[in-house]
Amino acid sequence: MGEFELIRHLSEGIELKNPTSKKGIGDDAAVIENGDVATIVSTDMLVEGIHFDLTFHPLKHLGYKSVTVNLSDIYAMNAIPKQIVVGVAFSNRFSLEAIEELYSGIRLACEKYNVDLVGGDTTSSTSGLIISITAIGTAKKENVVYRNGAKENDLLCVSGDLGGAYVGLQLLEREKKIFLENPKIQPDLSGADYILERQLKPEAQKELIEKLHELNIKPTSMIDISDGLSSEALHLSTQSNVGCNIFESKIPIDPQTYDRAREFGLDPTVCALNGGEDYELLFTIAQSDYEVIREHLDISIIGHMTDKSAGYHLIDKSDNVVELRAQGWEVKVKS
Ligand code: ADP
Ligand code: MG
């Protein structure tokens with residue numbers, strides 16, 4: 001059973017009893033309405049050995065990342081994060097200094113994103129480190145953006161660039177393997193700062209959301225890219241009941257990501273489509289907002305939404321039409 005299937009199974013038949021529970025399971029965050037103000041809540045757990053590897057993830061960066069990945073879900077609702085609650089569980093292999101390092105990263109992210117750390121829970125674990133963070137944000141009720149509002153002909157936009165976090169992880173894993181085989185060889189991470197940072201210390205899209213508010217532009221749908229462009233574009237499309245066309249040539253990929261992907265025999269486009277952990281925002285806007293977006297925002301328009309019956313497609317650089325699948329894209333290995 002896949003993750004999404006399991007969530008669907010577990011949440012079957014859950015009904016929202018309180019009128020204040022505006023949105024439950026199924027979006028980047030839950031939405032609780034009290035009068036004109038919506039409170040936005042999201043939680044994410046990071047588990048050692050599953051989400052991070054402490055042999056190459058500095059604890060301070062890990063603390064920072066565990067906050068930003070949560071804030072990302074709040075921004076994805078077009079809301080502003082205000083508070084976080086932090087739960088940690090750690091085994092006796094962690095020193096006080098190590099936990100302090102983790103917290104220095106958590107504090108740094110709170111500082112940068114103007115978020116208050118208002119509580120949490122501390123406990124022990126038999127197997128390593130677990131960090132669970134809940135982020136709370138606010139928005140005007142009418143400003144909340146869901147995954148399900150995209151309309152046919154809306155433009156599909158993405159912030160920043162994609163694939164870097166995945167390629168960064170490939171590099172870290174390769175160097176770890178070399179080191180374990182021969183500890184005399186020092187890891188060679190030179191010239192890879194950008195992709196390493198994308199993997200180890202990602203940012204949430206605060207500026208974009210603030211800019212959209214300033215420009216008075218409300219996306220019709222939005223999601224953050226934690227699982228790869230393919231998967232997220234499918235979420236927006238299926239939940240909005242529309243199809244989509246994405247143009248490969250429009251997918252933003254940083255030159256460092258591109259070159260390093262090639263070095264690993266990976267197709268950079270596949271890294272963007274299936275890699276994940278980029279924490280950029282994928283959103284749709286009405287065509288009438290195009291001029292303002294083009295003039296004021298540093299984002300990429302990578303495609304558009306279509307009638308549902310047209311399906312979900314990637315138009316590749318040779319104009320071939322490929323069906324978009326969450327995991328269907330095989331990684332082409334070039335020698
Ligand atoms: P994201 O990638 O944006 O963090 P997820 O794929 O983790 O979103 O979750 C999708 C939806 O399912 C969210 O609304 C989330 O709150 C909900 N969800 C995930 N796990 C559980 C669970 N164990 N019980 C109830 N709801 C869950
Ligand atoms: Mg999300």
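Here are a few exercises with worked solutions on the predicted model shown above.

In this predicted model, local features need pLDDT of at least 70 and side-chain atom pairs count only at pLDDT 80 or more, while totals for chains, interfaces and linings use all residues. Residues are numbered from 1 along each chain as its sequence is written, chains are lettered from A and ligands numbered from 1 in the order in which they are written, and side-chain values use heavy atoms, with hydrogens and water left out.

**Exercise 1: the sheet**

Work out in what order the six strands form the sheet, and which strands stand at its edges.

Step 1. Start with the terms: strands are DSSP runs of E with at least two residues, numbered from the N terminus, and two of them pair if DSSP finds at least two bridges between them.

Step 2. The order of this open sheet is 1-2-3-6-4-5, with mixed pairing.

Step 3. Strand 1 (21–23) and strand 5 (116–124) each have a single partner strand, so one side of each is left without a neighbour in the sheet.

Step 4. Now zoom in on one pair: strand 4 (residues 80–90) and strand 6 (residues 130–140) run antiparallel and are joined by nine bridges. One residue to look up is A89, whose bridge partner in strand 6 is I130.

**Exercise 2: the magnesium ion**

Find the protein donors of the magnesium ion (ligand 2) and place D28 and D224 in the fold.

Step 1. Donors are N, O and S atoms within 2.8 Å of the metal (3.2 Å for Na, K and Ca); water is not among the atoms, so sites may look incomplete.

Step 2. The search gives D28 (OD), D73 (OD) and D224 (OD), at 2.0 to 2.1 Å from the ion. Along the chain, their spacing reads D-x44-D-x150-D.

Step 3. D28 lies in the loop between strand 1 and strand 2 (30–34), and D224 in strand 8 (residues 221–224), so the pair ties together parts that are 196 residues apart in sequence.

Step 4. Both D28 and D224 are buried, that is, under 20% relative accessible area (exposed is over 50%, partly exposed in between; 1.4 Å probe, protein chains only).

**Exercise 3: ligand 1**

Which polar contacts can you find from G26, D27 and R147 to oxygen atoms of ligand 1?

Step 1. Here a polar contact is a pair of N or O atoms within 3.5 Å.

Step 2. From the backbone, an N or O atom of G26 lies 2.8 Å from a ligand oxygen, and a polar atom of D27 is 3.1 Å from one.

Step 3. From the side chain, R147 places a polar atom 3.4 Å from an oxygen of ligand 1.

Key:
Helix = DSSP H or I, 4+ residues; strand = E, 2+ residues; numbered from the N terminus. Polar contact = N/O pair within 3.5 Å; in protein donor to acceptor, adjacent residues only side chain to side chain.
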